[in-house]
Amino acid sequence: MRHYARHARDLPWRRTRDPYAVLVSEVMLQQTQVSRVLPAYRSFLKRYPTLRALARAPLGEVLRAWSGLGYNRRARDLWRSARLHPRSLPRDTAHLDALPGVGPYTAGAVACFAYGARVPFADTNIRRVLGRVLLGRVASESEARELDAALLPRRNADRWHHALMDLGATVCVSRSPRCAACPIASLCRARAGGDVPQATPRRQPAFATSDRRRRGRIIAALANARGGLAVGTLARRIDRRAVDLVATLEREGLLEVRAGRARLPE
C-alpha cells in the first residue's frame, strides 16, 4: 500500500463515490485502454451526468455519444440499466450483477468503489498480480477471487483493489514485467521459478477483429447520418459483410431497419 501511496494513478473515477459515475467508468474500461477512456468518460458524464439524464435520452443519441469508443453494446446496456434504475443503482453485488452487461467483476467493483463494500473481485490485472505472486502463474478469475477474499484488508478495500490494479497495469504487466520495480518481487513465485514472460507480438483473430471494426464503422456511419443510410450504401462503403452485420446489430437493438434503410434507434 505504501507503493500505491507514492505511485497511484490519478484517475477521475477514483475521485468520486457516485455509483453511476463508477459504473460508467467500469463499463468503459471493459476491453478499452485507460488513455482512450479518459476523454470519453469526461464527455459522457458531461452529457449524461445522472442516471435519470441517461434514462431520458433516446438510445440513438447515447450511441452517437459513445461512437468511437467501440463495443457499442456497452452503451446499450448502460442505457438499459439507467432505464431500469433511473433514481439509484442497487447496492448489493447480486442485484448489481443482474444489470444488463454487468458481470461479477463489475458488480464487485461498483459495490466496493462506490459503496465501500468489502467484497472480493478480480479483473485482468488482479488475476495477474495475485496469480503470479501466490501461484506462480496468472490465476483464473475464480482463483483470483478466492485469493483476494483471503487477503482483503478489513479497511480500505477500495485502495487495496486500486493498488493491485495499478501494480498490474504499470509494473506486473503481461509481457516483460518490471520486476526490479515491484514492491513484492521477493514474494513472487513466478519470478522465483523463472516463469516471467518476455515481450512477444500478440495476434488477434483476423476475422473477429475485422468484424468488430465493421460493426464500429456501421454505427459510426449511422451516427453521422440522422436520416439513416440504405443498407446497400453501407455495403458499398464497407463491404458485403455489412449486410449480415446490419441484421445482427438490428437483433441486438443497436439499430433499426425500415424500408431498406438502417438508422440508429430513436
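# A walk through a helix-rich chain

Let's start at Leu151, which you'll find in helix α10, the stretch covering residues 141-151. Keep in mind as we go that this is a predicted model. Leu151 counts as partly exposed, because its relative accessibility is 40%. Together with Leu134 and Leu135, Leu151 makes a nonpolar patch on the surface, with an area of about 210 Å².

Now step back and take in the whole chain. It has 15 helices and three strands. Measured out along its principal axes, the C-alpha trace spans about 65 × 45 × 30 Å. Of the 266 residues in the chain, 46% are buried. The chain exposes about 14,200 Å², and carbon and sulfur atoms supply 49% of that area. What about contacts? If you take those with a separation of 6 or more, 60% are between residues 24 or more positions apart.

Next, have a look at helix α3, residues 34-47. This helix has 14 residues, and at 1.5 Å a residue it should span 20 Å; its end C-alpha atoms are 20 Å apart, so the expected and modelled spans agree. Which residues of α3 are buried? They are Val37, Tyr41, Phe44 and Leu45. The cover over these buried residues includes four other helices: α2 (19-28), α4 (51-56), α5 (59-66) and α6 (73-84).

While you're in this part of the chain, find Tyr71, in the loop between α5 and α6. Its phi is near 50°, a positive value in a residue that isn't glycine. For context, most residues other than glycine have a negative phi. Tyr71 counts as partly exposed, because its relative accessibility is 27%.

From here, jump along to helix α11, residues 157-170, where Ala163 lies. Ala163 has a relative accessible area of 16%, so this residue is buried. Try comparing its position with that of Leu23: the two are 140 residues apart in sequence, and their C-alpha atoms are 19 Å apart in space.

Helix α11 also holds one end of a salt bridge, so let's turn to those. A search of the whole structure finds 14 salt bridges. In one of them, Asp158 pairs with Arg17, with the closest N and O atoms 2.9 Å apart. This pair links distant parts of the chain: Asp158 is in α11, while Arg17 is in the loop between α1 (2-7) and α2, 141 residues apart. Is each partner buried or partly exposed? Asp158 counts as buried, because its relative accessibility is 17%. Arg17, at 45%, counts as partly exposed.

Another salt bridge joins the side chains of Glu143 and Arg137, at 3.0 Å from N to O. Here Glu143 is partly exposed, with a relative accessibility of 26%, and Arg137 is partly exposed too, at 39%.

A further one is found in helix α13, residues 206-223. There, Asp211 forms a salt bridge with Arg214, and the closest N and O atoms are 2.9 Å apart. The two residues are three apart in the helix, so about one helical turn separates them. Both Asp211 and Arg214 are buried. The pair doesn't stand alone, either: salt bridges with shared partners join Asp211, Arg214, Asp239, Arg241 and Asp244 into one network.

Our last stop is the sheet. Strands of a sheet pair through backbone hydrogen bonds, either parallel or antiparallel. In this chain, three strands form an open sheet in the order β1-β3-β2, with antiparallel pairing. Why do β1 (229-230) and β2 (256-258) each have one side without a neighbour in the sheet? They stand at the edges, and each has a single partner strand, so one side is left without a neighbour.

Look more closely at β2 and β3 (residues 261-263): they run antiparallel and are joined by three bridges. In this pairing, Glu256 stands opposite Arg263 in β3. In the loop between β2 and β3 lies Ala259. Its phi is near 50°, again a positive value in a residue other than glycine. Is Ala259 buried or exposed? With a relative accessibility of 86%, Ala259 counts as exposed.

Key:
Residues numbered from 1 in each chain as written. Predicted model: local features only at pLDDT ≥ 70, side-chain atom pairs only at ≥ 80, totals over all residues. Heavy atoms only, no water. Pairing = 2+ DSSP bridges. Patch = residues over 30% accessible without salt bridge, like charges linked within 9 Å, V, L, I, M, F, W, Y side chains within 5 Å. Areas by Shrake-Rupley, 256 points an atom, 1.4 Å probe, with all protein chains shown as cover. Salt bridge = Lys/Arg side-chain N within 4 Å of Asp/Glu carboxyl O. Buried < 20%, exposed > 50% of the residue type's maximum accessible area, 1.4 Å probe, protein only. Expected span 1.5 Å × (residues − 1). Contact = heavy atoms within 4.5 Å.
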